[in-house]
Amino acid sequence: MAIEKVREYFKNYGIEDRIQEFDVSSATVQLAAEALNCEPCRIAKTLSFMVSEKPVLIVAAGDAKIDNPKYKARFGTKAKMLTPDEVEERIGHGVGGVCPFAVNSDVTVYLDESLKRFQTVFPACGSSSSAIELTIEELEKYSSFTDWVDVCKEWN
């Protein structure tokens, strides 16, 4: 199960006990916000795309939406999300639990500027009923991100 992969990954940093698991689904931004009793914008949703035949994750604020012109300007191609079947195979986590931790080795992680307005955010931890609260600095450290991008709209 992907949450166990994430738990093992976080053991390397001594923070596996910070993972929160819920009795309810946290598979969507709204459900995660309800489970965590926080604003939906503070959910760090992880979106899966293909760029030049390689899987890419973009972690963005819960209220942000992909801005197609910005995305194309940054990545040189139209935003093409992975299908639910492709996500688990290409990323290493299933839909609803996709996160930037313990992903397949060929996955590139980007963090969207929409996250920078928060002190802490809540990404999933590999299952559709889990999350962890991280500072932005911790998100940078634990996600092994490649770069910050500005590819979203409707958040500012």
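A search of the whole structure, a predicted model, identified 9 aromatic pairs. Rings of Phe, Tyr and Trp (its six-membered ring) are paired if their centres lie within 6.5 Å; planes under 30 degrees apart count as stacked, over 60 as edge-to-face and the rest as tilted. One such pair is formed by Tyr9 and Tyr13, whose ring centres are 5.6 Å apart and whose planes meet at 65°, so the arrangement is edge-to-face. Tyr9 is buried, with a relative accessibility of 17%, and Tyr13 is partly exposed, at 33%. Here, buried denotes under 20% relative accessible area, exposed over 50%, and partly exposed in between (1.4 Å probe, protein chains only). Tyr9 and Tyr13 also belong to one aromatic cluster together with Phe10, Phe101 and Tyr142.

Phe75 and Tyr110 make another pair: their ring centres are 5.1 Å apart and their planes lie at 75°, so this pair is edge-to-face. This contact links distant parts of the chain, since Phe75 belongs to helix α3 (residues 68-75) and Tyr110 to strand β5 (residues 108-112), 35 residues apart. Helices (H or I, at least four residues) and strands (E, at least two) are DSSP runs, numbered from the N terminus. Phe75 is buried at 12% relative accessibility, and Tyr110 is buried at 11%.

Charged side chains were also found over aromatic rings. A charge is assigned to this position if NZ of Lys or CZ of Arg is within 6 Å of the ring centre and within 35 degrees of the ring normal. Arg74 lies over the face of Phe75, at 5.1 Å from the ring centre, and Lys116 lies over the face of Trp148, at 4.6 Å from the ring centre.

An open sheet is built from 6 strands in the order β8-β6-β2-β3-β5-β9, with mixed pairing. Two strands are considered paired if DSSP finds at least two bridges between them. The edges are occupied by β8 (134-135) and β9 (147-149); each has a single partner strand, so one side of each lacks a neighbour in the sheet. Strand β6 (residues 120-123) runs antiparallel to β8 and is joined to it by 2 bridges, with Thr120 opposite Thr135 in β8.

Helix α2 (residues 29-36) lies across β2 (43-51) and β6, at about 155° to β2. Axes are lines fitted to C-alpha atoms, for helices over the stretch in contact (heavy atoms within 4.5 Å), and angles run from 0 to 180 degrees between N-to-C directions.

Residues are numbered from 1 along each chain as its sequence is written, and side-chain values use heavy atoms, with hydrogens and water left out. In this predicted model, local features require pLDDT of at least 70 and side-chain atom pairs count only at pLDDT 80 or more, whereas totals for chains, interfaces and linings use all residues.
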